[in-house]
Amino acid sequence: MTTFSDSAAQWLYRLTPPDGRPAGAPASSERTIDEATERLGPRTVAWAIDLGGELARTITAEVPELGGGPDPFETLRMGTESAVLHALLLLAQASPSAAITDEALLGGREFARRRVGLGSVLRGIRLGHAVLAHSVMEASRELIPASEQAEEVRRISDVLFHFIDEFSSRMTDEYLAEHDRWVTSGAAAREEAVRVIIKGDPVQEEAVTRVLGYRLAARHLGAIAWCDSHLGLPATDLQQAASDFLAGHGCHPHLLIPVGRTGLWGWGITSTETSRLSQDVPWRPPAGIHIACGSARDGLEGFRRTHREAEHVARLMRMNPPGGGAAVHYRDIDVTALLCSDLNAARRFVKDELGALAVDTPHGEQLRSTLRQYLSCERSLATAAARLHVARNTVTYRVKRAQELIGHDVSSRLLHVMAALEVAHVLGATVLEPTGKPGQRAAARL
């Protein structure tokens with residue numbers, strides 16, 4: 001590869017995200033971001049983070065199997081982001097510490113475990129390279145004097161060609177090695193058996209019980225656990241958290257199935273009717289770990305059903321991460337789960353029932369919370385005040401103001417209003433009106 005002077009790459013240090021907007025949260029490891037920032041500067045790193053997200057969205061739009069949900073998408077974004085940073089380091093002649101990033105290799109291993117075909121993986125790499133090359137070329141034309149552009153474009157093409165050639169080769173090797181390891185492991189057999197059950201295909205219950213080492217003819221409590229992708233927690237931490245959570249419900253034994261880099265499916269056998277946490281063994285979630293829990297269900301169909309309930313809960317939790325805490329039970333949000341199977345319809349329902357109270361402002365949330373508590377305790381001002389830890393007069397004022405903003409008689413549609421308040425409580429901004437639009441100015445002044 002031809003070597004150029006350091007001045008050839010000075011334009012790279014002037015890259016900034018489109019419209020000068022701040023970069024979103026990085027998906028790469030802290031070590032990768034720190035190394036890139038030291039060598040490229042924060043503005044260029046912000047540009048790379050933005051482009052990494054664009055690459056991930058483009059790839060999943062064209063090759064959907066490379067996405068497959070929030071956690072797989074974040075793993076893909078981590079790989080595309082780190083690849084952009086790696087390419088920029090090569091272009092800046094600031095040699096990276098490795099030929100390919102650990103983040104990208106993690107993605108290759110996950111694709112193998114998820115049974116994504118190698119052809120799809122390579123197609124995603126080609127798509128990503130096309131977007132990367134186009135974006136770098138466009139940026140160089142804006143930042144490099146016309147007299148220097150021809151030479152620099154040739155250099156960029158040379159560097160990116162060698163980069164993607166080595167990237168594809170290493171990813172292929174990693175994918176094939178992980179594929180060989182995974183398909184011969186007991187973990188692969190257990191995951192495949194669980195997926196067959198969840199899908200609803202006929203199974204030989206005794207044979208599957210032997211494969212899983214877990215009794216299906218029992219009462220099951222299902223849980224889905226995941227951790228924030230940027231934390232990079234060891235898989236053992238997530239497994240321990242899920243195990244502790246199920247044990248806190250009196251579930252023994254457990255079946256834990258890792259899913260992707262940051263997720264896990266779990267089941268536990270319980271003899272109780274309830275899915276509430278044991279008061280004797282309270283569960284304290286480690287930072288960054290979330291758990292969605294189904295209800296206790298019987299037998300093979302119960303194994304499926306409690307998992308599907310946990311999936312509904314996980315979907316809602318991801319829509320509004322701070323809404324329900326680190327662990328949420330299906331029984332606590334079952335009405336919301338049913339109402340939100342069609343999210344657009346749920347938004348319209350909340351707006352129709354809550355009127356100007358369905359606005360995403362802190363004071364709006366305060367009024368909705370007060371009215372929700374007031375209605376749930378059969379309109380007892382004293383009970384609502386005690387639950388909210390405020391004065392009775394405060395509850396009176398908030399309830400009156402909330403009913404004014406709703407704009408119709410709450411008593412005549414009590415069930416509907418309570419359901420709308422519950423949906424807004426669980427999903428927050430996902431179903432509320434954002435502030436700032438002309439038609440929302442009155443509501444925004446709550």
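Which helix holds both Glu404 and Arg401, and how many residues apart are they? Both lie in helix α15, which covers residues 392-406, and they are three residues apart, about one turn of the helix. Their side chains meet in a salt bridge, with an N to O distance of 3.4 Å. Glu404 is partly exposed, at a relative accessible area of 46%, and Arg401 is also partly exposed, at 27%. Both values fall in the partly exposed class because that class lies between the buried limit of 20% and the exposed limit of 50%.

Salt bridges that share partners also occur in this model, joining Glu74, Arg77 and Glu81 into one network. The model is a predicted one. Within the network, the side chains of Glu74 and Arg77 meet in a salt bridge of 3.0 Å, N to O. These two residues sit in helix α3, residues 70-91, three residues apart, about one turn of the helix. Glu74 and Arg77 are both buried.

Some totals for the chain give the setting. The secondary structure comes to 17 helices and six strands. Of the 446 residues in the chain, 48% are buried. The chain exposes about 21,200 Å², and carbon and sulfur atoms supply 52% of that area. Among contacts between residues at least 6 apart in sequence, 73% join residues at least 24 apart. The count of salt bridges in the chain comes to 21.

One of these salt bridges is formed by the side chains of Glu110 and Arg114, with an N to O distance of 3.7 Å. The pair counts as a salt bridge because its distance is within the 4 Å cut-off. Glu110 is buried, with a relative accessible area of 2%, whereas Arg114 is partly exposed, at 22%.

Glu103 is a contrasting case. This residue is in helix α4, which spans residues 102-113. Glu103 is buried yet has no salt bridge. What is the nearest side chain of opposite charge, and how far away is it? It is Arg31, 5.5 Å away. This pair does not count as a salt bridge because its distance is beyond the 4 Å cut-off. The side chain of Glu103 does have a polar partner: a contact of 2.7 Å joins it to the side chain of Ser29. Leaving aside neighbours within four places in sequence, Glu103 is in contact with Ser28, Ser29, Thr32, Met78, Gly79 and Ser82. Among these, Met78, Gly79 and Ser82 fall within the residue range of helix α3, 70-91.

The backbone offers further points to inspect. Arg115 has phi near 65°, a positive value in a residue other than glycine. Arg115 is placed in the loop between α4 and α5, the latter covering residues 118-143. At 42% relative accessibility, Arg115 counts as partly exposed. Glu378 likewise has a positive phi, about 55°, although it is not a glycine. Its place is the loop between α13 (362-376) and α14 (381-388). Is Glu378 buried or exposed? With a relative accessible area of 73%, Glu378 is exposed.

A cis peptide bond joins His252 and Pro253, with omega about -5°. Pro253 lies in the loop between α9 (235-248) and β2 (254-259), which leads to the strands.

In a regular strand the side chains alternate between the two faces of the sheet. The two faces of β2 can be told apart by cover: Leu255, Ile257 and Val259 are on the covered face, and His254, Leu256 and Pro258 are on the uncovered one. Strand β2 is joined by six bridges to β3, residues 263-269, and the two run antiparallel. In this pairing, Pro258 stands opposite Leu264 in β3. Strands β2 and β3 form a hairpin with three residues between them. Gly260, in the turn of the hairpin, has a positive phi of about 70°.

Technical notes. Residues are numbered from 1 along each chain as its sequence is written. This is a predicted model: local features need pLDDT of at least 70, side-chain atom pairs count only at pLDDT 80 or more; totals for chains, interfaces and linings use all residues. Side-chain values use heavy atoms; hydrogens and water are left out. Helices (H or I, at least four residues) and strands (E, at least two) are DSSP runs, numbered from the N terminus. Buried means under 20% relative accessible area, exposed over 50%, partly exposed in between (1.4 Å probe, protein chains only). Lys and Arg count as positive and Asp and Glu as negative; His and the chain ends are not counted. A polar contact is a pair of N or O atoms within 3.5 Å; within protein, one must be able to donate a hydrogen and the other to accept it, and residues adjacent in sequence count only if both atoms are side-chain atoms. Contact means heavy atoms within 4.5 Å. Accessible areas come from the Shrake-Rupley method with a 1.4 Å probe; for residues, only the protein chains shown count as cover. Two strands pair if DSSP finds at least two bridges between them.
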